[in-house]
Amino acid sequence: MRQITPNRVHSVDTLRGTAIFFMIFVHYGQSWMNFQSLFTFQTFFLIPSYIGGPIFMVIVGVSFSLSAESRKEQENFRNHVYKRGFLLILMQFFLNLVIFNIYQAWTYEVLILVGVSQIVCYLLMEKPNMFKILVCVIIILLVPFLRLICGFQEELFTLFNPVWDFGTFFRGMIVNMPFAIFPYISYMILGMIIGDELVQARYKEEMEKKFCINLLKYGVLLILIGYGFRIFNSPIVDSFEEGLHVFVTTGMVMILLSGLFWIEDVKKINLFQPFWLYGQISLTFLVGHHFINKYIFYNLFEILKNLTIYSYLILVTYICVVFLALSYLWSIMDYKFSLDWLLRKLS
């Protein structure tokens, strides 16, 4: 298998690729399987759906720190961040038109959250870690109050209930949607804190072990905080459920990153190279799997909600292998003309 650029943090690529794999597995399963199969198989979606999104969002923050470190000598880093953020937001609206239809143009999805997070992370990047943690806590504490102000409706998703009112869209973007800015931007900020520490560790060999231990220790602490309120049936659970979810899942990601960083970047044991390949063009897969689903599997093969469990597992395994082969062939060209390559060029 082709060797990846040595200065990359392989554990970060592995986690990013894992998030993409989970995304494909869950999204295609929900689209392709019939109701009975999906109901029977839903337990197997629990882990990928529970941890896949948080992995991706935390790694966005980690990647921001790594990008900031590699571009710290460039005077135009601020312009790069703002252009990248706005391009991601515009890309989401374009995809809404192409993948869905004009009536769902105002659909709020993950690329808008990622675009906004780039700008927020830039504004916070020079602040001390304790200040960033305080910001995350404030964001989580504000959620129930913002929901009250914005008129939170649990079932309001513009993908299924499209709106042409910017005010409704904006209020939904703040609190209502699957990737609401409050509290989910906390993932990126916490990821940036992790990334800042990772940058220090990768250049100082004596800090690598300490970095892994700290990740493990604070990851366990976040899980205990998140689950502690549930164990003791605290009345705040209902109001701050998503915030506690951020703590628990970020803790899980920190534990995963601790182990992977030690294995892949400290001990140099290459166990997860296929996920590196997925991770290199994560944006392309994030967008591309929707196109493939709609224009090939929906329109050509008409398998919407038709497959049994076993048919689905065979097909999704085949698709993932094809994606892996495509990633390998594309890596030979340094992923030229992928969306990830295009975004780098434009920003």
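This text leads through a predicted model, from its nonpolar core to individual helices, aromatic pairs and selected residues.

The largest nonpolar core is a suitable place to begin. It comprises 103 residues, and the members that touch the most others are Trp 32, Phe 56, Leu 198 and Tyr 312. Helix H8, which covers residues 181-203, supplies the largest share of this core with 14 residues. Trp 32 shows how such a residue is surrounded. When residues up to four places away in sequence are set aside, its contacts include Asn 293, Phe 297, Ile 303, Leu 304 and Lys 305. Further contacts of Trp 32 are made with Asn 306, Leu 307, Tyr 312, Leu 315, Val 316 and Ile 319. Trp 32 and Tyr 312 also belong to one aromatic cluster, together with Phe 21, Phe 22, Phe 25, Tyr 28, Phe 275, Tyr 278, Phe 285 and Phe 323.

Helix H4 offers a second view of the interior. Its 24 residues should span 34 Å at 1.5 Å a residue, and the C-alpha atoms at its ends are indeed 34 Å apart, so the expected and modelled lengths agree. The buried residues of H4 include Phe 77, His 80, Val 81, Gly 85, Leu 88 and Ile 89. Also buried in H4 are Met 91, Gln 92, Leu 95, Asn 96 and Ile 99. Among the elements that cover the buried residues of this helix are helix H3 (46-70), H5, helix H12 (282-298) and helix H14 (339-346).

The relation between H4 and H5 can be followed through aromatic side chains. The structure holds 15 aromatic pairs. One of them joins Phe 77 and Tyr 122 in a tilted arrangement, with 6.0 Å between the ring centres and 55 degrees between the planes. Because Phe 77 lies in helix H4 (residues 77-100) and Tyr 122 in helix H5 (residues 110-124), this pair ties together parts that are 45 residues apart in sequence. Phe 77 has a relative accessibility of 8% and therefore counts as buried. Tyr 122, with a relative accessible area of 21%, is partly exposed. Tyr 122 also pairs with Tyr 82 in an edge-to-face arrangement, at 6.0 Å centre to centre and 75 degrees between the planes. This pair, too, links distant parts of the chain, since Tyr 82 is in helix H4 and Tyr 122 in helix H5, 40 residues apart. Tyr 82 is partly exposed at 22% relative accessibility. The ring of Tyr 82 has a further partner: the charged end of Arg 78 sits over it, 5.0 Å from its centre.

Helix H9 can be read in a similar way. For its 27 residues (205-231), 1.5 Å a residue gives an expected span of 39 Å, which agrees with the 39 Å between its end C-alpha atoms. Buried positions in H9 are Glu 208, Phe 211, Cys 212, Leu 215, Gly 219, Leu 222, Ile 223, Gly 226 and Gly 228. H8 and helix H10 (241-266) are among the elements covering these buried residues. The charged end of Lys 217 sits over the ring of Tyr 218, 5.4 Å from its centre. Just after H9, Asn 233 adopts a positive phi of about 50 degrees. Glu 208 is also in contact with Val 266, a residue that touches Phe 261 as well, leaving aside neighbours within four places in sequence. Val 266 is placed in helix H10.

How is a lysine accommodated at a buried position? Lys 132 is found in helix H6 (residues 129-150), and its relative accessibility of 1% means that it counts as buried. The side chain of Lys 132 makes a polar contact of 2.7 Å with the side chain of Asp 196. A polar atom of the Lys 132 side chain also lies 3.5 Å from the backbone oxygen of Lys 127. Beyond residues up to four places away in sequence, Lys 132 touches Leu 124, Met 125, Lys 127, Ile 189, Met 192, Ile 193 and Asp 196.

Met 173 closes the tour. It is found in helix H7 (residues 166-176) and is buried, with a relative accessible area of 11%. Its contacts, not counting residues up to four places away in sequence, are Tyr 108, Ile 112, Ala 180 and Ile 181. Met 173 and Glu 109 are 64 residues apart in sequence, while their C-alpha atoms are 8.7 Å apart in space.

Technical notes:
Residues are numbered from 1 along each chain as its sequence is written. This is a predicted model: local features need pLDDT of at least 70, side-chain atom pairs count only at pLDDT 80 or more; totals for chains, interfaces and linings use all residues. Side-chain values use heavy atoms; hydrogens and water are left out. A nonpolar core is a set of buried Ala, Val, Leu, Ile, Met, Phe, Trp, Tyr and Cys residues joined through side-chain atoms within 4.5 Å. Buried means under 20% relative accessible area, exposed over 50%, partly exposed in between (1.4 Å probe, protein chains only). Helices (H or I, at least four residues) and strands (E, at least two) are DSSP runs, numbered from the N terminus. Contact means heavy atoms within 4.5 Å. The expected span of a helix is 1.5 Å times one less than its number of residues. Rings of Phe, Tyr and Trp (its six-membered ring) pair if their centres lie within 6.5 Å; planes under 30 degrees apart count as stacked, over 60 as edge-to-face and the rest as tilted. A charge sits over a ring if NZ of Lys or CZ of Arg is within 6 Å of the ring centre and within 35 degrees of the ring normal. A polar contact is a pair of N or O atoms within 3.5 Å; within protein, one must be able to donate a hydrogen and the other to accept it, and residues adjacent in sequence count only if both atoms are side-chain atoms.
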